[in-house]
Amino acid sequence: MRLTRYWCLFVIRGGLAGVAVYVAYDQGLLGSGTQGAEALKKAQAALPPAIQEWTSYIGWEVRTVQMKTLPPTPKFDFSPSDAWNKGVQTVMSALSVAPARACEYTVEGWKYVKDLVK
């Protein structure tokens, strides 16, 4: 009984996935870049009226705000390459002194153990 249920769900999901791929191919989304751009323009033209119709059917109020210009982007004084380089320099610096620090810590550890044994 369970196996039949899972098999049925598998077939339904596989069919839906196949239909989705077929529709995407049919609309030109899986084609070249120009076909994809044309499909995007068609979707952008068709989507707002469809959403408006759907929301009026459900009874939701949709507020449309028209922005004439986008707000300016914030200015950051941050360079990812400088930050990356600083991080790499810090790591390399730590790795270059690691053997000397390991020797220092070993000597300190031996002194501590000798003091405990006395």
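1. Secondary structure. This predicted model has three helices and zero strands. Along the sequence, the pattern reads α-α-α.

2. Exposure. Of the protein's 118 residues, 3% count as buried. The exposed area comes to about 11500 Å². Carbon and sulfur atoms supply 66% of that area.

3. Residues 7-25. UniProt lists this span as "transmembrane region", and the entry is unreviewed. The annotation may be inferred rather than shown by experiment. In the model, residues 7-25 are 100% helix and 0% strand. The C-alpha atoms at the two ends of the span lie 27 Å apart.

4. Glycine 36. This residue sits in helix 2, which covers residues 33-58. Is glycine 36 buried or exposed? Neither label fits: glycine 36 is partly exposed, because its relative accessible area is 22%, and buried would mean under 20%, exposed over 50%.

5. Glycine 36 and alanine 24. The two residues are twelve apart in sequence. Their C-alpha atoms are 9.8 Å apart in space.

6. Surface patch. Which residues form the nonpolar patch on the surface? They are Trp84, Val88, Val91, Met92 and Leu95. Together they have about 540 Å² of accessible area. One of them, methionine 92, is placed in helix 3, which runs over residues 80-117.

7. For the file. Two items to keep in view: the 3% of residues that count as buried, and the nonpolar patch that includes Trp84 and Leu95. The transmembrane label on residues 7-25 comes from the unreviewed UniProt entry.

Note on methods
Residues numbered from 1 in each chain as written. Predicted model: local features only at pLDDT ≥ 70, side-chain atom pairs only at ≥ 80, totals over all residues. Heavy atoms only, no water. Helix = DSSP H or I, 4+ residues; strand = E, 2+ residues; numbered from the N terminus. Buried < 20%, exposed > 50% of the residue type's maximum accessible area, 1.4 Å probe, protein only. Areas by Shrake-Rupley, 256 points an atom, 1.4 Å probe, with all protein chains shown as cover. Patch = residues over 30% accessible without salt bridge, like charges linked within 9 Å, V, L, I, M, F, W, Y side chains within 5 Å. Salt bridge = Lys/Arg side-chain N within 4 Å of Asp/Glu carboxyl O.
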